[in-house]
Amino acid sequence: MTRISHDDLSWDEWDELVRPTPETTDFDRVVEAGLSRRGFLGGLVAFGSGAAAMGLGSGVSLMNSTSARAQEAGRFAFNPIPIATDATVHVPEGYTWDILVKWGDRLFSDALDFDHETGGDARTSDRVFGENTDGMELFAVGDRQVIAVNHEYANPKINLPHTEDGKPQSAEDVRKMQNLQGVTVMEVEEGDGGWNVVVDSPLNRRITHNTAMRLAGPAAGHDLLKTDADPSGTTSLGTFNNCGAGRTPWGTYLTCEENFNGYFGSTDANFERPEDFKRYGISLESRYDYEKFDERFDISRNVNEPRRCGYIVEIDPSDPSSTPVKRTALGRFKHENAACTLARDGRVVVYMGDDERGEFLYKYVSNGAYTPGASTDGLLDDGTLFVAKFNEDGSGEWLALTAETTGMSLAEVCMFTRMAASKVGATTMDRPEWVAVNPVAVEAYCALTNNKNRAVKPNAGGDETPVNGPNPRAQNHYGQIVRWYPENDDHVDPKFKWDLFVMAGNPDVHEDAYAGSQNINSGNMFNSPDGMMFDTTGLLWIQTDGDDDNEGDFAGMGNNQMLVGDPATGRIERFMTVPYGAEVTGIAWSADKRTLFVGVQHPKAPFPDGEGMLARSAVVAVKRADNARIG
Ligand code: FEO
Ligand code: CA
Ligand code: CA
């Protein structure tokens with residue numbers, strides 16, 4: 001079998017190669033999808049008058065560039081910046097940026113110096129800031145500020161330069177890769193010279209692929225979660241492919257396990273994978289070859305181990321000795337982030353995307369209500385999972401995933417959530433990435449990053465993926481942001497109305513739906529929205545992880561970027577650009593809201609240390625020159 005090079009592929013591309021989704025063979029289905037796409041385009045031409053009838057609400061139809069320009073003096077406290085194609089970060093005039101921390105920086109003084117030849121010493125690889133920064137949150141712990149931040153993946157070719165093609169040759173090689181991923185919890189402080197990590201703070205912590213975790217919720221203790229090392233099925237080691245994040249109302253961090261499947265492989269080439277492995281993309285070949293040196297990752301010996309991953313993990317950032325908890329009640333899939341809010345009666349609502357082509361958008365609702373200061377036990381363990389169904393008329397509903405609706409036990413729903421969602425007929429989506437909840441209006445947004453398989457292939461479970469209301473373009477390579485308004489202004493209501501806040505596109509290249517919605521123009525275009533978060537004023541910060549070659553369909557979009565959107569007007573403007581090759585992911589505010597922390601992941605440009613040095617992911621601190629609030 002041809003070996004797949006690690007580093008030349010994104011996680012997504014790797015997944016496609018190792019475990020391609022079923023090919024479409026039904027010619028009629030393709031024709032039908034094409035017809036419905038033309039139907040949609042017809043509606044789009046009449047944008048403004050026919051938009052609502054097409055399932056596109058008034059939000060989109062209001063967003064023509066003329067009215068957006070009229071808002072020039074509105075809520076945006078910056079002059080938008082042009083695209084960039086260079087190797088550095090750009091922010092608007094009157095703003096500054098600086099590096100807070102980069103991969104390999106010390107969290108503890110006993111860590112060895114970063115080494116640009118090797119990516120750092122394996123021996124202290126769990127004492128430094130990990131690689132490929134992703135979702136993050138800032139917490140005030142007493143008068144200290146603590147950032148919890150994910151490290152989504154590590155780059156074997158760079159970190160194991162003595163190996164061929166980054167394939168580990170020893171348990172020590174595997175351990176280095178395991179150490180550089182997971183989560184960092186670190187105290188940060190602002191001094192005269194800017195922001196710094198507080199090295200050796202008692203709050204600093206690294207959580208890796210080997211940190212002890214507790215499994216909680218309906219699936220905990222189930223036979224399919226038991227292993228020889230953990231016959232109880234209630235304890236596991238490590239958290240994997242930590243992508244987006246979230247925070248609870250009670251001040252804990254939620255880290256989300258996304259492409260966990262890539263860590264598992266088989267030393268037995270003839271191992272027969274159980275059916276559920278196929279839906280989750282767990283194959284005989286892993287991405288890191290852990291299984292050759294760490295038996296836990298060998299599915300032929302530990303078939304249940306991958307079933308203990310793919311969850312949301314709760315971490316207490318104020319207590320470095322606390323045991324992280326895998327919350328099985330929030331379901332098992334390729335979790336992007338966790339957007340928490342409270343219902344009118346105090347029940348906890350968590351919105352969550354499953355980032356794979358044609359997978360679903362979920363909501364968890366706790367049974368109990370949150371009361372500040374009272375026990376939070378059970379709030380993320382006892383509740384109901386729902387999956388979104390979008391109707392073409394702009395309405396939608398949350399379908400409960402229960403024993404009655406799925407024919408599965410509650411534990412099975414929590415372990416095999418994708419299958420449960422397929423059974424109830426949820427709407428297949430264009431790769432749901434981050435969800436963001438507006439703090440000043442009862443509405444939520446989800447970035448649907450792109451989906452080249454829309455109207456081309458079913459998802460991994462065989463669910464059809466024809467174009468549909470919130471996913472209106474076949475072979476969608478630009479992405480869109482869908483928003484929904486819960487009925488009765490309550491996030492627990494089972495019904496909602498929806499529209500598209502924006503369809504990304506390129507109006508310089510296309511004249512049809514691929515030009516984007518009317519709030520996209522030559523000056524603000526982008527592709528592949530991904531990270532998203534609201535600030536306290538109700539402005540939406542949008543981060544991209546897209547094609548940055550600036551050619552063809554993507555001409556004029558430049559490097560990946562962060563934009564700000566105004567839900568009230570639809571106006572979207574560019575705030576930041578990052579070095580080529582990097583995505584922007586992860587956003588958090590300082591306690592005083594005068595600093596914005598932003599993650600720069602996987603730069604290819606020689607950033608931030610310059611030519612001849614390894615490119616390193618980093619968190620940057622953005623400020624206004626006059627030290628005013630940012631959001
Ligand atoms: Fe890790 Fe879907 O982004
Ligand atoms: Ca992402
Ligand atoms: Ca992405």
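## Close-up views of a predicted model

**View 1. E433 and the calcium ion (ligand 3).** At 2% relative accessibility, E433 falls under the 20% cut-off, so we call this residue buried. Keep in mind that everything shown here comes from a predicted model. Which residues hand protein donors to the calcium ion (ligand 3)? They are E433 (OE), D530 (OD) and D545 (OD), sitting 2.3 to 2.4 Å from the ion. Read along the chain, these donors are spaced as E-x96-D-x14-D. E433 belongs to strand β18 (residues 432-437), while D545 is in the loop between β23 (540-544) and β24, so this pair ties together parts 112 residues apart in sequence. D545 has a relative accessible area of 23%, so this one counts as partly exposed.

**View 2. The calcium ion (ligand 2) and the shared glutamate.** Here the protein donors are E336 (OE), E433 (OE) and two entries for D530 (OD), lying 2.3 to 2.6 Å from the calcium ion (ligand 2). Their spacing along the chain reads E-x96-E-x96-D. E433 turns up again because that residue bridges the calcium ion (ligand 2) and the calcium ion (ligand 3), with 3.7 Å between the two ions. How far apart in sequence are the parts tied together by E336 and D530? The answer is 194 residues, since E336 is in the loop between β12 (325-327) and β13 (339-342) and D530 is in strand β22 (residues 529-534). Both E336 and D530 are buried.

**View 3. An edge-to-face pair, F139 with Y253.** The model has 30 aromatic pairs in total. In this one, the ring centres of F139 and Y253 are 6.2 Å apart and the planes meet at 90°, so the pair is edge-to-face. The two rings link distant parts of the chain: F139 comes from strand β2 (residues 133-141) and Y253 from strand β10 (residues 253-257), 114 residues apart. Are these rings buried or exposed? F139 is buried, with a relative accessible area of 3%, and Y253, at 0% relative accessibility, is buried too. F139 has another partner in this view: the charged end of R247 sits over its ring, 4.4 Å from the centre.

**View 4. A tilted pair, W398 with F496.** For W398 and F496 the ring centres are 5.5 Å apart and the planes are at 50°, so this pair is tilted. W398 is part of strand β17 (residues 395-401) and F496 part of strand β21 (residues 495-503), so the pair ties together parts 98 residues apart in sequence. W398 counts as buried at 5% relative accessibility, and F496 does so at 1%.

**View 5. More aromatic company.** One aromatic cluster is made up of F76, F78, Y95, W541, F575 and W589. Elsewhere, the charged end of R127 sits over the ring of F108, 3.9 Å from the ring centre.

**View 6. The β24–β25 hairpin.** Strand β24 (residues 561-565) runs antiparallel to β25, and five bridges join the two. One of the bridge partners is E573 in β25, which is matched with V564. Six residues lie between the strands of this hairpin, and G570 in the turn has a positive phi of about 85°. Six of the six residues of β25 (residues 572-577) are buried, so the strand is largely enclosed by the rest of the structure.

**View 7. Helix α6 and what covers it.** Which residues of α6 (residues 171-179) are buried? They are D173, V174, K176, M177, Q178 and N179. Among the elements covering them are α5 (156-159) and β6 (205-207).

Methods
Residues are numbered from 1 along each chain as its sequence is written. Chains are lettered from A and ligands numbered from 1 in the order in which they are written. This is a predicted model: local features need pLDDT of at least 70, side-chain atom pairs count only at pLDDT 80 or more; totals for chains, interfaces and linings use all residues. Side-chain values use heavy atoms; hydrogens and water are left out. Buried means under 20% relative accessible area, exposed over 50%, partly exposed in between (1.4 Å probe, protein chains only). Helices (H or I, at least four residues) and strands (E, at least two) are DSSP runs, numbered from the N terminus. Contact means heavy atoms within 4.5 Å. Rings of Phe, Tyr and Trp (its six-membered ring) pair if their centres lie within 6.5 Å; planes under 30 degrees apart count as stacked, over 60 as edge-to-face and the rest as tilted. A charge sits over a ring if NZ of Lys or CZ of Arg is within 6 Å of the ring centre and within 35 degrees of the ring normal. Two strands pair if DSSP finds at least two bridges between them. Donors are N, O and S atoms within 2.8 Å of the metal (3.2 Å for Na, K and Ca); water is not among the atoms, so sites may look incomplete.
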